[in-house]
Amino acid sequence: MSIADNVKAVKDNIARAAIDAGVDPNGIRLVAATKQNSAERVREAIAAGIEICGENRVQELLEKDAQGAYAGAERHFIGHLQRNKVKNVVGLCDLIQSAGSQELIELISRRAAAIGKVQDILIEVNIGGEESKSGFLPEALDDAVGFAAASGGVKLLGLMAIPPQCDDPRRAAYYFDEMYKLFVDIGAKKYDNVSMEIMSMGMSGDYMTAIRSGSNMVRVGTAIFGARQY
Ligand SMILES: *Cc1c(COP(=O)(O)O)cnc(C)c1O
């Protein structure tokens, strides 16, 4: 299967899951998780209809960006962002999906203000409460949203989550459903300077499940590019 075949298959699956969920398939955005794929392969995916690329390492983002990998597509940052790399990502990325601590939101906001921009972000939620993962715990989410709302250099557009790895699809659906409830609750509170539009969850193994639970942005790597070589 070529990258183009895979992109088509993933889009077809997204459309099917959207129809199951009773939502417009065009409202679901597909982010190609491009880590460990060369600039050439990223360009191939864009030529096949990918409109958003997500990278999770700053160094790799900068290298591939310099090679023109993302021309014609949005760049999203989806990985753990170290504080000393904030300056490299703010302004370059259309969306930082992994704003997972108050300190990070503050640094992003300050950097954006310093370069005269407003940076779009998602707040990352550690929905499984896992020690190994970054992101706000669900009980800290209200404060985090309030903090982002009051930070002039950022515009909060939604939430992102990487739930615990689950082999049981019903268990995966449980976490996605919990996330979606948080997303709806926060949206209903109508914070100023916050626009709860994006619920980013679902990866190669579970994006259809995530869409059925209300995700409208999925981040898919392996199902587009094949298995990564580590
Ligand atoms: C790599 C990655 C993905 C995609 O993972 P696949 O299982 O390969 O689809 C999604 N989100 C994040 C944050 C990632 O780092």
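How many of the eight residues of strand 6 (residues 154-161) are buried? Seven of them are, and the strand is thus described as mostly covered. Here, buried means under 20% relative accessible area, with a 1.4 Å probe and protein chains only; strands are DSSP E runs of at least two residues, and helices are H or I runs of at least four, both numbered from the N terminus.

I should state early that this is a predicted model, in which local features need pLDDT of at least 70, side-chain atom pairs count only at pLDDT 80 or more, and totals for chains, interfaces and linings use all residues. Residues are numbered from 1 along each chain as its sequence is written, and side-chain values use heavy atoms, without hydrogens and water.

Strand 6 runs parallel to strand 5 (residues 119-125), and seven bridges join the two; strands pair if DSSP finds at least two bridges. Within this pair, Q119 stands opposite V154.

I turn to the interior. The largest nonpolar core, a set of buried Ala, Val, Leu, Ile, Met, Phe, Trp, Tyr and Cys residues joined through side-chain atoms within 4.5 Å, has 65 residues. Among the members touching the most others are L81, M179 and I224. Helix 7 (residues 169-188) supplies the largest share, seven residues.

Finally, the ligand. Residues around the ligand, with a heavy atom within 4 Å, include K35, N56, S204 and R228. Polar side-chain atoms lie at 2.5 Å from a ligand oxygen for S204 and at 2.8 Å for R228. The protein buries 89% of the 390 Å² that the ligand exposes alone, by the Shrake-Rupley method with a 1.4 Å probe.

Terms used: Buried means under 20% relative accessible area, exposed over 50%, partly exposed in between (1.4 Å probe, protein chains only). A polar contact is a pair of N or O atoms within 3.5 Å; within protein, one must be able to donate a hydrogen and the other to accept it, and residues adjacent in sequence count only if both atoms are side-chain atoms.
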